[in-house]
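Hi everyone, thanks for making time for this one. I'd like to walk you through a model, so let me put it up on the screen.

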Amino acid sequence: MTDPELLLLLDELKEIFGESTPTHYALLDVSHTSVTEQQQFEQYYSVRIIPYEPSDLEHSEVRGFLSEIIAELPRHILFHTMNDGLQTTRRILDADPHYSLVLSTDNKIVIREKYKGSSKEKPLEVSMRFSFDSKKQEDQEAHEALRKLFATGETVTIRNPQLVEFI
């Protein structure tokens with residue numbers, strides 16, 4: 001919390017957001033920081049200190065703390081580690097003020113509105129091409145699922161090889 005670049009960034013955030021500055025959190029070794037300094041971080045920079053005192057030189061408390069956080073994280077996570085095509089889609093959607101791309105707990109790609117009503121303001125245009133072999137049971141089931149989607153709007157899952165193109 002003494003890095004001048006970080007403090008400059010926090011100053012800029014405070015200038016931009018004023019009283020609406022979101023709360024930030026910092027896990028901080030407080031063995032060299034006074035209570036007053038910790039309070040000032042929250043008062044001036046909206047940084048709430050999560051204090052700890054290291055019991056060893058490796059700061060093993062940090063590893064334990066982060067493991068606990070990871071174990072409690074919601075299973076919905078933003079895309080970070082998908083293939084290039086999905087990364088490109090994510091970058092496009094991140095830049096779009098209306099939609100974001102999310103990977104669900106069951107590894108499904110979900111496109112979500114960034115705010116309520118954004119799909120009405122800017123409808124999402126999607127183009128798909130399918131191929132079904134009427135002799136294959138799997139293809140017949142996928143085709144029936146697609147018909148059900150168009151008839152009822154019920155969510156369906158159609159994978160390769162039936163889904164040939166998705167734009």
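Let's start at Q162, which at 3% relative accessibility counts as buried. This is a predicted model, by the way, so please keep that in mind as we go. Q162 sits in the loop between α6, residues 137-152, and β7, residues 163-166. What does Q162 touch, if we skip residues up to four places away in sequence? The list is R129, F130, S131, F132, E138, D139 and A142. Take D139 from that list: it is 23 residues from Q162 along the chain, and the two C-alpha atoms are separated by 6.7 Å.

Now let me zoom out for a moment. The protein has 6 helices and 7 strands, and along the sequence they run α-β-α-β-α-β-α-β-β-α-β-α-β. Of the 167 residues, 22% are buried. The accessible surface comes to about 12,900 Å², and carbon and sulfur atoms account for 54% of that. As for contacts between residues at least 6 apart in sequence, 37% of them join residues at least 24 apart.

Next, please look at the stretch from β1 to β2. Strand β1, residues 24-29, pairs with β2 in the parallel sense, over 6 bridges. One partnership to pick out on screen: H24 has V47, in β2, as its bridge partner. With α2 included, β1, α2 and β2 make a β-α-β unit, and it is right-handed.

Staying with α2, find Q38 in that helix. Is Q38 buried or exposed? Its relative accessibility is 16%, and the cut-off for buried is under 20%, so Q38 counts as buried. Beyond its neighbours within four places in sequence, Q38 is in contact with V30, T33, I49 and P51.

Also in this part of the chain is E42, which forms a salt bridge with R48; the closest N and O atoms are 3.1 Å apart. In general, side chains of opposite charge can pair when their charged atoms come close. By the rule used here, the count for salt bridges comes to 1. Both ends of the pair are partly exposed: E42 at 36% relative accessibility, and R48 at 35%.

Let me turn to the backbone. Most residues other than glycine have a negative phi. Which way does S46 go, positive or negative? Its phi is positive, at about 60 degrees, although S46 is not a glycine. You'll find S46 in the loop between α2, residues 35-45, and β2, residues 47-52. H59 is another residue to check: it is not a glycine either, and its phi is positive at about 55 degrees. H59 lies in the loop between β2 and α3, which covers residues 60-72. With a relative accessible area of 27%, H59 is partly exposed.

Last stop, the surface. Which residues form the nonpolar patch with about 310 Å² of accessible area together? They are I111, L124, V126 and M128. If you'd like one of them to centre the view on, try V126, in the loop between α5, residues 118-121, and β6, residues 128-130. V126 is partly exposed, with a relative accessible area of 44%.

That's my tour, so over to you. If you open the model yourself, a good place to begin is Q162 and its contacts, among them F130 and A142.

Terms used:
Residues numbered from 1 in each chain as written. Predicted model: local features only at pLDDT ≥ 70, side-chain atom pairs only at ≥ 80, totals over all residues. Heavy atoms only, no water. Helix = DSSP H or I, 4+ residues; strand = E, 2+ residues; numbered from the N terminus. Buried < 20%, exposed > 50% of the residue type's maximum accessible area, 1.4 Å probe, protein only. Patch = residues over 30% accessible without salt bridge, like charges linked within 9 Å, V, L, I, M, F, W, Y side chains within 5 Å. Areas by Shrake-Rupley, 256 points an atom, 1.4 Å probe, with all protein chains shown as cover. Salt bridge = Lys/Arg side-chain N within 4 Å of Asp/Glu carboxyl O. Contact = heavy atoms within 4.5 Å. Pairing = 2+ DSSP bridges. Right-handed = clockwise from strand over helix to strand, strands pointing away.
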